[in-house]
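Student: Please take one part of this chain and look at it closely, sheet by sheet and link by link. I would like the cut-offs behind each term stated as they come up.

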Amino acid sequence: MRAWNREATRIFAVVAVVVASVSCSGSVERDGAGTTGGVGGSSATGGTGGSSATGSTGGTAASPGGGGTTSGGGSAGVAGSAGVFCAGVTCAANEDCCLGTGKCFDPSAAPSSCEVPNLPPGRQGQKPCASSAHCAPGEFCSPASWQLCLGPGYCESKTNCGTSSGMLMCGCNGVTYPDVQTACAQGVYVIGQGKCGEPQTLGAGGTSAGKTVTFCATSSMCPKGQECCSITGQCFDPAKPALCSFPPEGTKFPCIDDSQCFQGGEYCYAETCDGPGGCVTVGGTCTGQLSPVCGCNGKTYVNAGCAATEGVRVAHSGACT
């Protein structure tokens, strides 16, 4: 049940901009799982080619010629009988996708090339994994972070997917599914609500301007001048490679500035004023403890917690001069 509950929470978080780490059937979510750095950068440019991996524009899995259907297991989604779809490529029939490296590997011939991550079990005893080969039959490996397509994760059941949400979802394999349940039953992890390959604004409403994204599996699904990042499952500007990397520990999504985060609900956090960081929720605790810091906006705050409540990075300890 954990897989379905987490996907339902993912949808709610995107729509309501409640971007927070949540538990699905009790297991601990780790939005910052994985270490800083890429796993080979963006996915391969070009068409998906052969089998039924993805449609050229991310059609729905249920419609003829619109991406086809998937079958079997696989942490990043299965590409028909040809094998698992992994970071822009289709693995050989005897291979699986290693979510830790974004590379295909042979679980029988080279098991050490994709090691089980050092994570505690989920609250319901879910097993940590880096590929579906680490899971039991009827399970698949899904990333611990709900905003990423790669990274260490937990084994999820393909037969306990809950009820259908009725909302189109883009899988990390580039196939658009009619709902989360359909993707889960086929062992596919979904990256977000909406069609693959179509720009859309998510989370807009109230004081939030939301965030414009294009979910993808290959660069052929992206707008001109952009490439698909295998880590995030989103199109990005290749001139800004930091946007295709694992976010810093404790953060949710790689960023350079606040524009890559959900506007009004998140900000781009880093330990310096300039340079890349990771999206975190605006908030925190502003206590009366006197430990002045200078915000990157030139404003002095009582302490770092007070700066966080306004979504401001800290330039240095002590008052601004």
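**Strand pairs, a loop residue and sulfur links**

Tutor: E16 and strand E18, which covers residues 277-281, are joined by two bridges and run antiparallel to one another. Strands here, like helices, are DSSP runs numbered from the N terminus, with at least two residues for a strand (E) and at least four for a helix (H or I), and two strands are said to pair if DSSP finds at least two bridges between them. The model is a predicted one, in which local features need pLDDT of at least 70 and side-chain atom pairs count only at pLDDT 80 or more, while totals for chains, interfaces and linings use all residues. Residues are numbered from 1 along each chain as its sequence is written, and side-chain values use heavy atoms, with hydrogens and water left out.

Within the pairing of E16 with E18, Pro254 stands opposite Gly278 in E18. The sheet to which these strands belong is open and has three strands in the order E16-E18-E17, with antiparallel pairing. Its edges are formed by strand E16 (254-255) and strand E17 (266-269), each of which pairs on one side only. In general, the strands of a sheet pair through backbone hydrogen bonds, either parallel or antiparallel.

This sheet also takes part in a sulfur link, since Cys261 is joined to Cys279 by a disulfide with an S to S distance of 2.0 Å; the term stands for a pair of cysteine sulfur atoms within 2.5 Å. Distant parts of the chain are linked in this way, with Cys261 in the loop between E16 and E17 and Cys279 in strand E18, 18 residues apart. The link of Cys261 and Cys279 is left-handed, with -90 degrees about the S-S bond. Cys261 counts as buried at 0% relative accessibility, where buried means under 20% relative accessible area, exposed over 50%, and partly exposed in between, taken with a 1.4 Å probe and protein chains only. Cys279 is likewise buried, with a relative accessible area of 0%.

From Pro254 one can move to a loop residue that touches it, namely Thr232. Thr232 sits in the loop between strand E14 (227-229) and strand E15 (234-236), and a relative accessible area of 1% makes this residue buried. Leaving aside residues up to four places away in sequence, Thr232 touches Gln147, Leu148, Cys149, Ile191, Leu243, Phe253 and Pro254, a contact being heavy atoms within 4.5 Å. The side chain of Thr232 also reaches the backbone nitrogen of Gln234 at 3.2 Å.

Cys149, one of the residues that Thr232 touches, leads to another sulfur link: a disulfide joins Cys149 to Cys172, with S to S 2.0 Å. Cys149 lies in the loop between strand E7 (139-143) and strand E8 (153-157), and Cys172 in the loop between E9 and E10, so the pair ties together parts that are 23 residues apart in sequence. The torsion about the S-S bond is -90 degrees and the link of Cys149 and Cys172 is left-handed. Cys149 is buried at a relative accessible area of 4%, and Cys172 is buried at 8%.

The loop that holds Cys172 runs between E9 and E10, and these strands belong to an open sheet of three strands in the order E10-E9-E11, where the pairing is antiparallel. Strand E10 (176-177) and strand E11 (190-193) stand at the edges with a single partner strand each, so one side of each has no neighbour in the sheet. Strand E9 (residues 169-171) is joined to E10 by two bridges, the two running antiparallel, and Met169 stands opposite Tyr177 in E10.

For context, the structure holds 16 disulfides. Another of them joins Cys86 to Cys97, with S to S 2.2 Å. This pair links distant parts of the chain, Cys86 in strand E2 (residues 83-86) and Cys97 in strand E4 (residues 96-98), eleven residues apart. The torsion about the S-S bond of Cys86 and Cys97 is about 60 degrees, so this disulfide is right-handed. Cys86 is buried at 0% relative accessible area, as is Cys97 at 0%. Over the whole chain, the secondary structure comes to three helices and 21 strands, and buried residues make up 50% of the 321 residues.

How values were computed:
Polar contact = N/O pair within 3.5 Å; in protein donor to acceptor, adjacent residues only side chain to side chain.
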